[in-house]
Amino acid sequence: MTLHRFYPIFDHSRWLTRVLPLGVKLVQLRIKDQPDSIVAEQIALSQDLCRQHGATLVINDYWQAAIDAGCEWVHLGQEDLEEADLSAIRRAGLKLGVSTHDDAELDRALAVAPDYIALGPVYPTILKKMKWHEQGLPRLTEWKARVGKIPLVGIGGMSVERAEGVFAAGADIISVVTDITLNADPERRVEQWIDATR
Ligand SMILES: Cc1ncc(COP(=O)(O)OP(=O)(O)O)c(N)n1
Ligand SMILES: Cc1nc(C(=O)O)sc1CCOP(=O)(O)O
Ligand SMILES: [Mg+2]
């Protein structure tokens, strides 16, 4: 199975109603600080929308809710990995994406045989405070040499204009948030992303 090269992340299913009709085929639902009932509702709505549009849905953090809802993918960071029941995730048949930010994290990620590995922040991000500064493009090249056939996701400060260089450096997939969600015309920006990652 080949994942699409454009991997936007959104915090609510209402974004999916806007972008899936444009042709987005891989999307992450990244919900923070919401009660379980809202999380479950958002996952169910997002699943319905992704099924309608033939898109792959990745659930961030909420691996148990993803299992309960019959989802196909979860994304976990390193702290999430410490608390997650990886056997339960695998038993339920879910595929797993893992974040990495340094060599030790990459070692830990490789040890769980993930279905993709993300490296970030490639460029500075305004979405969240992070202890890592920008990794830079050479780091992506280094990561690609180490992960081999595992798909490599570049994340952090991505823009349409940066996409070509990010792919050239070794990323297989680009993940992005604010370049779309803070854009004056998110739909137009998604169309530009789809053109740039076709
Ligand atoms: C594709 C992708 N890469 C990295 C992350 C970050 O995951 P994590 O480190 O667990 O941080 P939060 O997103 O949970 O704040 C991601 N979500 N997706
Ligand atoms: C959610 C996330 N994780 C990152 C990591 O490095 O693990 S960077 C990031 C934020 C990405 O948002 P934007 O495209 O707006 O920079
Ligand atoms: Mg997380």
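Biologist: How far apart do the end C-alpha atoms of residues 13–180 lie, and what is the helix and strand content of the span?

Modeller: The model is predicted, and in it the end C-alpha atoms of residues 13–180 lie 15 Å apart. Helix makes up 45% of that span and strand 18%. An unreviewed UniProt entry annotates residues 13–180 as "domain: Thiamine phosphate synthase/TenI".

Biologist: How many helices and strands does the chain hold, and why may the chain be called as compact as a globular protein of its length?

Modeller: The chain has 10 helices and 8 strands. Its radius of gyration is 16 Å, close to the 16 Å that the globule rule gives for 198 residues, so the chain is as compact as a globular protein of that length. Along the principal axes, the C-alpha atoms fill a box of roughly 40 × 40 × 35 Å.

Biologist: What share of the residues is buried, and what share of the contacts with a separation of 6 or more joins residues 24 or more positions apart?

Modeller: A residue is buried if 20 or more other C-beta atoms lie within 10 Å of its own; 38% of the 198 residues count as buried. Of the contacts with a separation of 6 or more, 49% come from residues 24 or more positions apart.

Biologist: Which residues are the closest to ligand 1, and how does its shell divide by residue character?

Modeller: Ligand 1 is surrounded by 15 residues, the closest being Gly77, Ser99, Ala118, Ile155 and Ser175. Two elements, β5 (95–100) and β7 (152–155), give two or more residues to this shell. By character, the shell holds 8 polar, 4 charged and 3 nonpolar residues.

Key:
Residues numbered from 1 in each chain as written. Chains lettered and ligands numbered in written order. Predicted model: local features only at pLDDT ≥ 70, side-chain atom pairs only at ≥ 80, totals over all residues. Near = placed C-beta within 6 Å. Helix = DSSP H or I, 4+ residues; strand = E, 2+ residues; numbered from the N terminus. Nonpolar A, V, L, I, M, F, W, Y, C, P; charged D, E, K, R; others polar. UniProt positions renumbered as here; feature names shortened; annotations may be inferred. Rg over C-alpha atoms; globule rule 2.2 N^0.38 Å. Buried ≥ 20, exposed ≤ 12 C-beta atoms within 10 Å, placed from the backbone. Contact = placed C-beta atoms within 7 Å.
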